[in-house]
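Let's look at how helices pack and where empty space is left in a protein model. Have the sequence and the 3D view ready as you go.

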Amino acid sequence: GDIVTRAADLYPDRTAFVDGDRRTDYASLERQVNRLGSALLALGLKHQDVVGVMARNCTEMMVAYFACARAGLICAPVNLGLRPAEIAWCLNDAKAKVLIVEQALGDTAREVLAAEMPALEHRFWIGGDGDDGFDALLARGSEAPLEVMVGDREIVQLLYTSGTTGNPKGVLTSHLAVTMAGLSNAITIA
């Protein structure tokens, strides 16, 4: 969860993300990650609770991922290639407490949310402008550094396979495994 902090310390004005016409520098990303992490914890989420994210590749998806890492939560990005019933099954299996949904996913998102999900306590819309909008959730949080003890072997992400038999299977990945994969990719590309 501190990768963004280190990048913001070293390169605050460098571009972290380009998302259409939007550019996010590392200093801004750091503030957003702290805000979202503290806002999620203020909802009452506990260490290693699951936050589902149903969105295409966008800045908000990455902010949510890093905020979960920073706050000791598990990010469960939804496989958008699955059917709505399968997505709902995965969110139920994961016992997701929060779901961040991109409003542009429209009917698919509404069909998923129509399913019974007893563990789901909160949902927030990327692109929404009410109290349940992503920006409103972000505004609730603090920019102060979020300091949560997170072990390198604790889970940071939960991905679901799209297997050919039976229901999708959840794959848990630790902070250390994600970091090592990132470093390995960086070495390969360099």
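A crossing of two helices counts as left-handed if the near helix is turned anticlockwise from the far one by less than a right angle, and as right-handed if clockwise. Keep in mind that this is a predicted model.

Q: In which hand does α4 pass α5?
A: Picture one helix in front of the other: a clockwise turn of the near helix from the far one gives a right-handed crossing. For α4 passing α5, the crossing is right-handed.

Q: Are α4 and α5 parallel, perpendicular or oblique to each other?
A: Two packed helices are described by the angle between their axes and the distance between the axes. Here α4 (residues 84-94) and α5 (residues 106-114) pack at about 50°, and their axes are 8 Å apart. Angles under 35 degrees count as roughly parallel and 65 to 115 as roughly perpendicular. The pair of α4 and α5 is therefore oblique.

Q: How many residues in the contact of α4 with α5 are nonpolar?
A: From α4 come Pro84, Ile87, Ala88 and Leu91, and they meet Thr108, Glu111 and Val112 in α5. Sort the residues of this contact by class and you get one charged, one polar and, for the nonpolar class, five.

Q: Which element gives the largest share of the lining of the largest cavity?
A: Searching the whole structure turns up one cavity of 30 Å³ or more, and the space in the largest cavity is about 90 Å³. Its lining includes Ala76, Pro77, Ile87, Cys90, Leu91 and Ala94. Two elements, β4 (74-77) and α4, give two or more residues to that lining. The largest share is four residues, and it comes from α4.

Q: How many charged residues are in the lining of the largest cavity?
A: Val78, Leu82 and Tyr160 are among the residues that line this cavity, and so is Asn79. By class, the lining has nine nonpolar residues and one polar, while the count of charged residues is zero: there are no charged residues.

Q: Which helix supplies the largest share of the lining of the largest pocket?
A: The largest pocket holds about 700 Å³ of space. Of its 27 lining residues, Gly1, Asp2, Ile3, Arg6 and Thr179 are the closest to its centre. At least two lining residues each come from α1 (3-10), α2 (26-42), α3 (59-71) and α7 (175-189). The largest share, six residues, comes from α7.

Q: How many residues in the lining of the largest pocket are nonpolar?
A: Sort the pocket lining into the three classes: seven residues are charged and seven are polar. The nonpolar count is 13.

Key: Residues are numbered from 1 along each chain as its sequence is written. This is a predicted model: local features need pLDDT of at least 70, side-chain atom pairs count only at pLDDT 80 or more; totals for chains, interfaces and linings use all residues. Side-chain values use heavy atoms; hydrogens and water are left out. Axes are lines fitted to C-alpha atoms, for helices over the stretch in contact, and angles run from 0 to 180 degrees between N-to-C directions. Angles under 35 degrees count as roughly parallel, over 145 as roughly antiparallel, 65 to 115 as roughly perpendicular and the rest as oblique. Contact means heavy atoms within 4.5 Å. Ala, Val, Leu, Ile, Met, Phe, Trp, Tyr, Cys and Pro count as nonpolar, Asp, Glu, Lys and Arg as charged, and the others, Gly among them, as polar. On a 1 Å grid over the protein atoms alone, a cavity is a set of points where a 1.4 Å probe fits but cannot get out, and a pocket is an open set with protein on both sides within 12 Å along at least five of seven lines; lining residues have an atom within 4 Å of a point. Grid points are joined across faces, edges and corners, and a volume is the space filled by probe spheres set on the points.
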